[in-house]
Amino acid sequence: MKTLDIWVIEEKCNGCQLCFKACPYNAIEIIKKKAVIKKENCNLCGACVNACRFEAIFIACKVPLEPVVGYEGIWVFVEQKNGKLAPVVYEIIGEGRRLAQKLGASLSAVLLGSKLEHLVDELKFYHLDRIYLVDDPALSVFMDEPYSFVLSNLIKKYKPEIFLGGATSIGRSLIPRVASILETGLTADCTSLDVDVAKRLLLQTRPAFGGNIMATIICPEKRPQMATVRPHVMKRAAKSSEGKCEIIKEKFAIPPFKTHYLDFIEDIMENVKLEDADIIVSGGRGLGKAENFIILQELADVLGAAIGASRAAVDAGWISYSHQIGQTGKTVSPKVYIACGISGAIQHLAGMQTSEIIIAINKDPDAPIFQSATYGIVGDLFEIIPKLTKKLKEILGN
Amino acid sequence: MNYFLTEEQEMIKNLARKITDEKVIPIRQELDEKEEFPWEVLKVLSQSDLMGLFIPPEYGGFGFGCFEMCLVIEELSRGCGGVAVTFAANALGAYPIFLFGNEEQKKKYLPDVARGKKICAFGLTEAEAGSDAAAIRTSAIKQGNEYILNGTKQWITNGGEADIYTVIALTDKSKGIRGASAFILEKGMDGFSFGKKEKKMGIRCSATRELVFEDCRVPQENLIGREGMGFLIAMKTLDMTRPGIGAQSVGIAQGAFEEALKYSRERKQFGQSISSFQAIQHMLADMATQIEAARALVYAVARFIDSGAKEFSRESAMAKLFASDIAMNVTTNAVQIMGGYGYMRDYPVEKMMRDAKITQIYEGTNQIQRNIIALSLIKEASSWR
Amino acid sequence: MEIIVCIKQVPESTEVKINPQTKTLVRESVKGIINPFDMYAIEEALRLKEKLGGKVTALSMGPPQAEESLREAISLGVDEAILLSDKSFAGADTLATAYTLAQAIKRISQFDLIICGKQTMDGDTAQVGPSLAEKLGIPHVAYVRKINEVKTDSIILEQMVEEGYRRIKMSLPGLITVVKEINEPRLPSLRGKMRAKSVEILIWGVNDFNIEKEKVGLEGSPTQVIKIFAPQRRKKGEILQGDIDSQVEQLVNKLKESRVI
């Protein structure tokens with residue numbers, strides 16, 4: 001059996017003494033503004049872990065005393081479709097670079113597909129140490145089997161210690177398959193990453209239970225440590241002026257596979273379904289007329305949000321009934337609900353009050369919506385929303 | 001309150017509750033506004049086997065009794081009285097076949113009913129024969145191997161939507177009600193047509209139409225029982241199904257009560273939840289007590305019937321009478337508690353109040369129920385020494 | 001067609017308890033339901049069976065009370081149910097789960113198609129399906145929104161991707177994970193419920209099928225949760241002050257803090 005271990009990540013600890021106060025066994029000392037665990041007193045109750053506000057103390061079992069050796073470097077998977085990079089690629093390169101610097105490790109990108117020279121030329125400018133390129137007609141369209149075959153063979157050959165991919169529909173289908181081949185750990189849909197430099201551990205934080213709980217996960221014994229990263233969370237990598245990076249081309253004899261791509265149909269059906277949307281931008285009487293929903297649409301487009309409306313807006317004929325939220329419309333529970341020019345009558349609240357974050361923008365400081373809002377802005381939505389849209393555009397890119 | 005349901009009864013109740021919560025409540029307002037027949041819900045009820053609840057296993061059903069039917073009707077009514085009456089009227093139409101039909105008739109019709117492939121309706125009421133059911137005029141004249149039906153039935157629930165109709169008509173006008181007989185009719189028979197869909201105050205998703213017979217030829221094998229048994233068949237059937245109206249009333253009242261209770265905790269006036277005001281508290285307490293009393297009576301009567309009782313007109317009438325008066329009272333007070341909001345169609349209680357009203361009227365007005373009860377009491381007293 | 005549906009019992013409420021020692025979720029105290037996404041998997045399996053004949057087996061791994069969820073699957077029309085339950089399976093991550101399920105499926109041996117929900121509501125990883133397919137050496141297609149055509153040795157599917165959908169032909173046996181666009185799950189039937197009450201649910205422990213003990217449960221899980229914490233709770237009704245630019249700035253920061261952007 002492996003035993004539990006407790007340790008403090010020094011660079012995160014600021015000596016605040018919260019853990020010292022929480023410890024019922026007098027097992028923590030603060031030495032030179034850092035918490036130090038007296039192992040002889042500690043019974044691993046976890047009180048300090050819960051008390052720490054900086055995520056600096058961890059308890060885990062089966063953490064090897066020595067870091068796993070023989071693996072080096074951080075790899076990021078470059079997702080591309082029809083020769084175009086997925087936006088998340090820039091984000092994981094940015095994050096990968098940050099982690100690589102902390103660890104003193106190299107950063108490489110893995111590019112799979114066919115006829116990808118132009119992508120190599122593009123990627124060169126993103127502070128990568130290496131690009132692993134597998135250019136093969138069998139990889140021209142993404143399919144789980146050939147991609148997982150090539151990827152796992154590359155990893156077996158070059159042994160990176162950390163592997164990151166985007167938590168997109170491709171990433172979340174492909175990378176579990178790769179991790180399964182390699183028999184290593186994989187953490188899905190991470191929203192924040194960090195490293196424990198001393199133990200060379202990737203600290204992977206992700207929400208679970210619909211965001212009601214955050215969990216920090218490690219993969220202590222197996223390599224590489226693999227994670228998929230939620231899009232739009234990490235900062236994009238900055239472009240450098242000089243495109244310098246080593247290109248390693250590889251070739252594998254890809255065996256025949258059992259899934260065959262037939263065709264792709266672009267779905268022009270509809271925007272995000274209201275009930276499924278993570279973010280809803282909703283408009284009410286304050287919008288004044290149908291045309292003004294355009295400014296909400298612009299904000300929604302930037303956020304990937306759906307458009308909702310109060311009954312007042314629907315009754316006025318500004319938007320169709322399918323957008324109505326409230327007692328007589330749909331009941332929604334998104335992560336973010338942005339109520340614009342909605343007073344917040346009891347009927348409307350009935351349809352959206354379980355939203356995680358409610359943002360209210362309204363001229364009337366006494367509007368009942370502010371009672372339910374997480375954040376409120378009292379003011380003119382016609383001034384505020386375009387500014388918000390512009391600001392978000394700058395941050396999120398196109 | 002714990003009514004000590006068996007495991008099976010618990011199962012039936014939970015299933016009906018799930019259907020109500022997931023498939024009825026989300027669409028009830030739309031059904032009501034569009035006056036749209038609840039085919040979607042009937043499909044779910046069929047898939048879930050509930051359409052065959054009361055039909056014996058040998059005809060593809062489950063052989064459950066009046067009590068289990070009441071459990072389902074109550075749950076459905078908590079969501080929508082219109083859906084519930086559609087379900088209940090199906091049973092009402094099938095009961096005569098199940099209670100009085102011969103083997104061939106049962107074999108022919110009941111399996112399809114049990115599977116929900118065919119829907120039933122019951123035709124007794126006429127324009128001039130409402131409370132005075134004995135005043136019916138629809139005639140059925142025997143001609144060779146057939147009966148020729150002429151006349152019009154009025155306000156027939158599931159009319160036009162149902163496939164199978166049990167219809168009471170006079171085979172011998174000279175004998176009055178002793179000349180009435182019960183027939184099985186099928187949609188599509190020559191000379192059998194429907195009037196327009198009635199526009200009702202409540203239970204709007206249910207279909208209510210005239211059945212029109214113009215020289216409609218019905219094969220003699222479609223006669224239920226014997227000639228002259230029609231009125232007895234109708235009365236016995238209604239005795240069986242009347243607790244169902246009681247259950248419908250309890251369900252509607254329960255639905256309205258839950259809305260009012262929830263609202264009273266959310267609604268703030270004078271700086272506090274209106275549920276903190278004693279005026280509201282006492283109303284809620286009375287409503288809950290009345291509902292529980294009605295439920296206890298309905299359940300007791302249904303169980304009495306299922307125990308094999310021979311004569312239960314009085315008890316059956318009491319259950320319907322009491323529960324439906326309670327439903328009207330409770331739904332009215334639910335609207336009152338919710339004030340202006342309760343009066344708006346945004347909230348379901350105004351619909352519940354409209355739905356509740358019919359329970360005091362159909363399957364015998366509450367005045368007729370009182371007659372039945374009183375007559376039975378007086379008859380009983382006459383046997384005293 | 002022999003179909004295996006993998007389902008998981010998840011807590012109905014989002015209030016979750018965590019064992020501070022093992023850092024794994026404590027499920028005993030919360031009412032369990034079938035993972036909502038798995039309901040679509042069950043429905044699709046039942047529809048295929050109704051169309052093509054065959055058998056649907058529901059497979060789950062979990063504590064003994066997960067048996068309830070398998071009984072619910074039976075009440076919907078599933079023919080057979082197997083629960084993998086053993087103390088040593090507890091605390092499994094996605095890799096150990098996929099391994100355990102794969103070994104059980106090898107014991108079942110006969111199958112044409114495995115259907116999983118796209119992800120669970122509690123774990124949200126979406127990893128077990130693809131990982132399981134790999135362990136069984138079969139192809140998989142994730143995020144299936146429609147089955148177009150089924151032949152004895154292949155199946156044509158529509159896979160949801162960000163910009164639309166792809167049509168893919170997959171050889172059988174294979175595995176799919178389904179999204180909720182694929183169907184509308186049915187409600188149980190009374191007959192199903194009655195059958196579910198009495199039917200025997202097979203319960204397999206470590207000794208009932210071929211497994212290496214160090215590959216299951218906490219022991220077999222390469223990943224390990226070292227900290228579970230509540231995300232920052234929202235403060236009630238904070239009115240952002242200042243001029244418009246500063247209000248917008250603050251709001252954007254709040255959105256960043258709460259990881260919306």
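In the predicted model, A:Leu151 is part of helix α5 of chain A, which covers residues 144-158. The relative accessible area of A:Leu151 is 0%, and because the cut-off for a buried residue is under 20%, A:Leu151 counts as buried. Leaving aside residues up to four places away in sequence, A:Leu151 touches A:Phe77, A:Val110, A:Leu112, A:Phe163, A:Leu174 and A:Val178. A:Leu274 lies 123 residues from A:Leu151 in sequence. The C-alpha atoms of A:Leu151 and A:Leu274 are 37 Å apart in space.

Chain A is assigned three stretches as domains: domain 1 (4-61), domain 2 (74-250) and domain 3 (274-396). Between the C-alpha centres of domain 1 of chain A and domain 3 of chain A the distance is 44 Å. The secondary structure of chain A consists of 11 helices and 22 strands. Taken along the principal axes, the C-alpha atoms of chain A occupy a box of roughly 65 × 65 × 40 Å.

Of the 398 residues in chain A, 57% are buried. Among the contacts in chain A with a separation of 6 or more, 63% are made by residues 24 or more positions apart. Chain A has an accessible surface of about 16700 Å², and carbon and sulfur atoms contribute 52% of that surface. The side chains of chain A include 47 positive and 45 negative ones. The centres of these two sets of charges in chain A are separated by 4 Å.

Chain B is likewise divided by the domain assignment, into domain 1 (7-119), domain 2 (121-230) and domain 3 (231-382). The C-alpha centres of domain 1 of chain B and domain 2 of chain B are 22 Å apart. Contact between these domains involves 28 residues of domain 1 of chain B and 25 residues of domain 2 of chain B.

Helix α1 of chain B runs over residues 7-24 and contains 18 residues. At 1.5 Å a residue, this helix should span 26 Å, and the 24 Å between its end C-alpha atoms therefore agrees with the expected value. The buried residues of α1(B) are B:Gln9, B:Met11, B:Ile12, B:Lys13, B:Leu15, B:Ala16, B:Ile19, B:Thr20, B:Lys23 and B:Val24. Their cover includes five helices of chain B, namely α2 (28-34), α3 (39-47), α4 (66-79), α5 (81-100) and α8 (278-306). Helix α5 (190-198) of chain C also contributes to the cover of the buried residues of α1(B).

Chain C contains 6 helices and 15 strands. Its C-alpha trace extends over about 70 × 45 × 40 Å along the principal axes. Chain C has 261 residues, of which 57% count as buried. Residues 24 or more positions apart supply 70% of the contacts in chain C that have a separation of 6 or more.

The surface exposed by chain C amounts to about 10700 Å², with 48% of this area from carbon and sulfur atoms. Chain C carries 37 positive and 36 negative side chains. In chain C, 2 Å separates the centre of the positive set from the centre of the negative set.

Definitions and conventions. Residues are numbered from 1 along each chain as its sequence is written. Chains are lettered from A and ligands numbered from 1 in the order in which they are written. This is a predicted model: local features need pLDDT of at least 70, side-chain atom pairs count only at pLDDT 80 or more; totals for chains, interfaces and linings use all residues. Side-chain values use heavy atoms; hydrogens and water are left out. Helices (H or I, at least four residues) and strands (E, at least two) are DSSP runs, numbered from the N terminus. Buried means under 20% relative accessible area, exposed over 50%, partly exposed in between (1.4 Å probe, protein chains only). Contact means heavy atoms within 4.5 Å. Accessible areas come from the Shrake-Rupley method with a 1.4 Å probe; for residues, only the protein chains shown count as cover. Lys and Arg count as positive and Asp and Glu as negative; His and the chain ends are not counted. The place of a charge is taken as NZ of Lys, CZ of Arg, CG of Asp or CD of Glu. Domain bounds come from an automatic or database domain assignment. The expected span of a helix is 1.5 Å times one less than its number of residues.
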